[in-house]
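Let's take a walk through a protein model together. Have the sequence and the 3D view ready, and turn the model as you read.

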Amino acid sequence: MSWKGHDFLDRIQNDSRWGKIKKAARDRGQPLVAKTVRTISFAFITATAEGATNSSLKQYGLQ
């Protein structure tokens with residue numbers, strides 16, 4: 001496995017995140033394979049980052 005692969009697994013190994021990934025795959029009828037896990041986890045990461053950015057912008061009256 002590459003270093004990127006190890007970094008990726010470090011990011012999703014939290015039980016809460018892993019549970020959300022499994023639930024999202026199950027709810028969509030997707031198999032729990034590397035491609036599905038990667039797609040769902042990146043969607044969660046993006047949504048989290050966007051939420052944090054929007055929250056910061058609102059805090060400073062910039063949105």
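We begin with the whole chain and then visit a few residues one by one.

Before anything else, keep in mind that this is a predicted model. How confident is the predictor in the chain? The average pLDDT is 82, and 90% of the residues score at least 70. The confidence varies from element to element: helix α2, which covers residues 15-27, has the highest mean pLDDT of the elements, at 87. Helix α1, made of residues 3-12, has the lowest, with a mean of 80.

Now trace the chain from its N terminus. You will pass through the elements in the order α-α-α. That makes 3 helices in the chain, with 0 strands.

Next, look at the overall dimensions. Along its principal axes, the C-alpha trace spans about 40 × 30 × 20 Å. What radius of gyration does the chain have, and what would a compact globule of 63 residues have? The chain has 14 Å, while such a globule would be near 11 Å.

The surface is worth a look too. About 5,300 Å² of the chain is exposed, and carbon and sulfur atoms supply 55% of that area. Buried residues, on the other hand, make up 16% of the 63 residues. As for charge, the chain carries 11 positive side chains and 5 negative ones. The centres of these two sets lie 5 Å apart.

Now let's zoom in on helix α2, where you can find I21. Is I21 buried or exposed? I21 counts as buried because its relative accessible area is 1%, and the cut-off for buried is under 20%. From I21, look across to T36: the two are 15 residues apart in sequence, and their C-alpha atoms are 8.9 Å apart in space.

Helix α2 also holds A24. With a relative accessible area of 7%, A24 is buried as well. A24 and R38 are 14 residues apart in sequence, and 12 Å separates them in space, C-alpha to C-alpha.

Moving along the chain, you come to G29, in the loop between α2 and α3. Here the picture changes: G29 has 63% relative accessibility, so this glycine counts as exposed, the cut-off for exposed being over 50%. How far apart are G29 and E50 in space? Their C-alpha atoms are 26 Å apart, with the two positions 21 residues apart in sequence numbering.

Our last stop is S41, in helix α3, which runs over residues 34-59. Why does S41 count as buried? The reason is its relative accessibility, which is 2%. What does the side chain of S41 reach? It reaches the backbone oxygen of V37, at 2.9 Å. Find S41 and V37 in your view, and see whether you can pick out this pair.

How values were computed:
Residues numbered from 1 in each chain as written. Heavy atoms only, no water. Helix = DSSP H or I, 4+ residues; strand = E, 2+ residues; numbered from the N terminus. Rg over C-alpha atoms; globule rule 2.2 N^0.38 Å. Buried < 20%, exposed > 50% of the residue type's maximum accessible area, 1.4 Å probe, protein only. Areas by Shrake-Rupley, 256 points an atom, 1.4 Å probe, with all protein chains shown as cover. Lys, Arg positive; Asp, Glu negative; His and termini not counted. Charge placed at Lys NZ, Arg CZ, Asp CG, Glu CD. pLDDT = per-residue confidence, 0-100. Polar contact = N/O pair within 3.5 Å; in protein donor to acceptor, adjacent residues only side chain to side chain.
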